[in-house]
Structures are given as C-alpha cells and as structure tokens.
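Here is a short report on one protein model. It starts from a single charged side chain and works outward to the overall fold.

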Amino acid sequence: MEEEKISRREMKKIQSRKAILDSAASLFQSRGLEDVAIADIMSGAELGIGTFYNYFDSKDDVLMELLGRIMKELGERVRVLSEE
C-alpha cells in the first residue's frame, strides 16, 4: 500500500490550524473565552489575523473544535477503561 504524500502547502495548512488551536486552548485556559481576542490567538500562533478566517468563522468555532477534541479523547479513554 502506497503512502499518500502531503504537499508542502497542505502541511503548512495543517500546521497553521494546529498553531491556532493550540494558542486558543492555552489562552482560553489561562484567561477565559471572553478575555481572549482573535488577535491574541493569532499573536500566540505567530500568524496574521486575516489567516484566522481561512480556518474558522469565530472564536466560538474554535471553542467547538477544541470541545470536540476533548470529547473524542474522553470517549477513547472510556473505551480503553471499559476494555480493561
């Protein structure tokens, strides 16, 4: 089976999206959702503010993505624990 190669552009998109989510998660945890601006998130991600809108429509969209990841992680942990 042949591995699918990811183009440099696609890799950059993945890295940018991850940087935005990581920055937002850190800021939301330390300051709370209301006290974090999109500019703060993008500063932490070391990306321009306009880039945010290539990936998300709002802070709420970022929050929903982060909550989805948490729920997926919890589901996996519950599955592992139930198998033990």
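Glutamate 65 is partly exposed, with a relative accessible area of 26%. Partly exposed here means between the cut-offs for buried (under 20% relative accessible area) and exposed (over 50%), with a 1.4 Å probe and protein chains only. The model is a predicted one: local features need pLDDT of at least 70, side-chain atom pairs count only at pLDDT 80 or more, and totals for chains, interfaces and linings use all residues. Residues are numbered from 1 along each chain as its sequence is written, and side-chain values use heavy atoms, with hydrogens and water left out.

**Salt bridges**

A salt bridge is a side-chain nitrogen of Lys or Arg within 4 Å of a carboxyl oxygen of Asp or Glu. The whole structure holds eight of them. One joins glutamate 65 to arginine 17, at 3.1 Å from N to O. Glutamate 65 sits in helix α4 and arginine 17 in helix α1 (residues 8-31), so this pair ties together parts that are 48 residues apart in sequence. Helices are DSSP runs (H or I, at least four residues), as are strands (E, at least two), numbered from the N terminus.

Glutamate 65 also pairs with arginine 69, where the closest N and O atoms are 3.7 Å apart. These two are four residues apart in helix α4, so about one helical turn separates them. Arg17, Glu65 and Arg69 are thus linked in a network of salt bridges.

Another salt bridge connects arginine 79 and glutamate 83, with the closest N and O atoms 2.6 Å apart. Both residues lie in helix α4, four residues apart, about one turn of the helix.

How exposed are the partners of these bridges? The table lists four.

| Residue | Relative accessible area | Class |
|---|---|---|
| Arginine 17 | 26% | partly exposed |
| Arginine 69 | 38% | partly exposed |
| Arginine 79 | 37% | partly exposed |
| Glutamate 83 | 57% | exposed |

**Surface patches**

Patches are made of residues with over 30% relative accessible area and no salt bridge; like charges are joined within 9 Å, and nonpolar side chains (Val, Leu, Ile, Met, Phe, Trp, Tyr) within 5 Å. Accessible areas come from the Shrake-Rupley method with a 1.4 Å probe.

The nonpolar surface patch consists of Met64, Leu67, Ile70, Met71 and Leu74, with about 500 Å² of accessible area together. Methionine 71 belongs to helix α4. Its relative accessibility is 56%, so methionine 71 counts as exposed.

Glu34, Asp35, Asp57, Asp60 and Asp61 form a negative patch on the surface. Asp and Glu count as negative, Lys and Arg as positive; His and the chain ends are not counted. Aspartate 60 is in helix α4 (residues 59-83). Aspartate 60 is partly exposed, at 47% relative accessible area.

Aspartate 40 is placed in helix α2 (residues 38-45). At 27% relative accessibility, aspartate 40 counts as partly exposed. Aspartate 40 lies 32 residues from arginine 8 in sequence, and 27 Å from it in space, C-alpha to C-alpha.

**Overall fold**

Which elements make up the protein? There are four helices and zero strands. Along the sequence the pattern reads α-α-α-α.

The C-alpha trace spans about 45 × 40 × 20 Å along its principal axes. The protein has a radius of gyration of 16 Å, whereas a compact globule of 84 residues would come near 12 Å. That radius is taken over C-alpha atoms, and the globule rule is 2.2 Å times the number of residues to the power 0.38. Buried residues make up 20% of the 84 residues.

Terms used. The place of a charge is taken as NZ of Lys, CZ of Arg, CG of Asp or CD of Glu.
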